[in-house]
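Here's a quick briefing to keep beside the viewer. Have the sequence and the model open while you read.

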Amino acid sequence: MSYVHYGDGTWYNTGLGACGWSSNDSQLVVAVSPQWYGNYPNPNNSRACGKQLRVRGPKGVVNVTIVDRCPSCKDEDLDLSPAAFSQIADLDAGRVGIRWVWA
């Protein structure tokens, strides 16, 4: 069983992420905190890039792919695409409590 992480979930408008990939708001993608992203001379080389997370919020569960780093996120927080966030909460909420595991 995977260790469960507890934090806040927020959403952001996607684009070119730190992994070097372009994403759009309809994709199920996420940005993770510097703790999980790591610090690399070339951020495209992060071992987190492409990994999957399973995120649970007040409205449901979503599987997401890491494509970006969220510099302002606390260690266990995640910044989700609008499509991903809307599967776990209403976009109007802006910030919600979440649980997540590595998928």
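What follows goes from the overall fold to the cross-links, the salt bridges and one serine.

Keep in mind that this is a predicted model. The chain has two helices and six strands, running β-β-α-β-β-β-α-β from the N terminus. On top of that, a search of the whole structure turns up two salt bridges, and there are two disulfides.

**Overall build**

- The radius of gyration is 12 Å, close to the 13 Å that the globule rule gives for 103 residues, so the chain is as compact as a globular protein of that length.
- Laid along its principal axes, the C-alpha trace spans about 35 × 30 × 20 Å.
- As for burial, 44% of the 103 residues count as buried.
- The accessible surface comes to about 5,500 Å², and carbon and sulfur atoms account for 48% of that.
- Take the contacts between residues at least 6 apart in sequence: 73% of them join residues at least 24 apart.

**Disulfides**

- Counting bonded cysteines along the chain, the pairing pattern is 1-2, 3-4.
- Cys19 pairs with Cys49, with the sulfur atoms 2.0 Å apart.
- Cys19 sits in the loop between β1 and β2 (29-32), and Cys49 in the loop between α1 (34-37) and β3, so this disulfide ties together parts that are 30 residues apart in sequence.
- The Cys19–Cys49 link is left-handed, with -95 degrees about the S-S bond.
- Both ends of that link are tucked away: Cys19 is buried at 3% relative accessibility, and Cys49 is buried at 16%.
- The other disulfide joins Cys70 to Cys73, S to S 2.1 Å.
- The Cys70–Cys73 torsion about the S-S bond is about 80 degrees, so this disulfide is right-handed.
- Cys70 is buried, with a relative accessible area of 5%, and Cys73 is buried as well, at 12%.

**Salt bridges**

- Asp8 forms a salt bridge with Arg95, the closest N and O atoms being 3.3 Å apart.
- That pair links distant parts of the chain, with Asp8 in strand β1 (residues 5-11) and Arg95 in strand β6 (residues 95-102), 87 residues apart.
- Is Asp8 buried or exposed? Neither label fits, because its relative accessibility is 28% and it counts as partly exposed.
- The other salt bridge brings the side chains of Asp90 and Lys59 together, at 3.3 Å from N to O.
- Here too the partners come from distant parts of the chain: Asp90 is in the loop between α2 (82-88) and β6, while Lys59 is in the loop between β3 (52-57) and β4 (60-69), 31 residues apart.
- Asp90 is partly exposed, with a relative accessible area of 48%.

**A buried serine to look at**

- Ser33 is in the loop between β2 and α1, and its relative accessible area is 0%, so it counts as buried.
- Which residues does Ser33 touch, not counting those up to four places away in sequence? They are Cys70, Cys73, Lys74, Asp75 and Asp77.
- Two of these contacts, Cys70 and Cys73, are the partners of a disulfide.
- With Asp75 there is a polar pairing too: a polar atom of the Ser33 side chain lies 2.7 Å from the backbone oxygen of Asp75.

How values were computed: Residues are numbered from 1 along each chain as its sequence is written. This is a predicted model: local features need pLDDT of at least 70, side-chain atom pairs count only at pLDDT 80 or more; totals for chains, interfaces and linings use all residues. Side-chain values use heavy atoms; hydrogens and water are left out. A salt bridge is a side-chain nitrogen of Lys or Arg within 4 Å of a carboxyl oxygen of Asp or Glu. Helices (H or I, at least four residues) and strands (E, at least two) are DSSP runs, numbered from the N terminus. Buried means under 20% relative accessible area, exposed over 50%, partly exposed in between (1.4 Å probe, protein chains only). A disulfide is a pair of cysteine sulfur atoms within 2.5 Å. A polar contact is a pair of N or O atoms within 3.5 Å; within protein, one must be able to donate a hydrogen and the other to accept it, and residues adjacent in sequence count only if both atoms are side-chain atoms. Contact means heavy atoms within 4.5 Å. The radius of gyration is taken over C-alpha atoms; the globule rule is 2.2 Å times the number of residues to the power 0.38. Accessible areas come from the Shrake-Rupley method with a 1.4 Å probe; for residues, only the protein chains shown count as cover.
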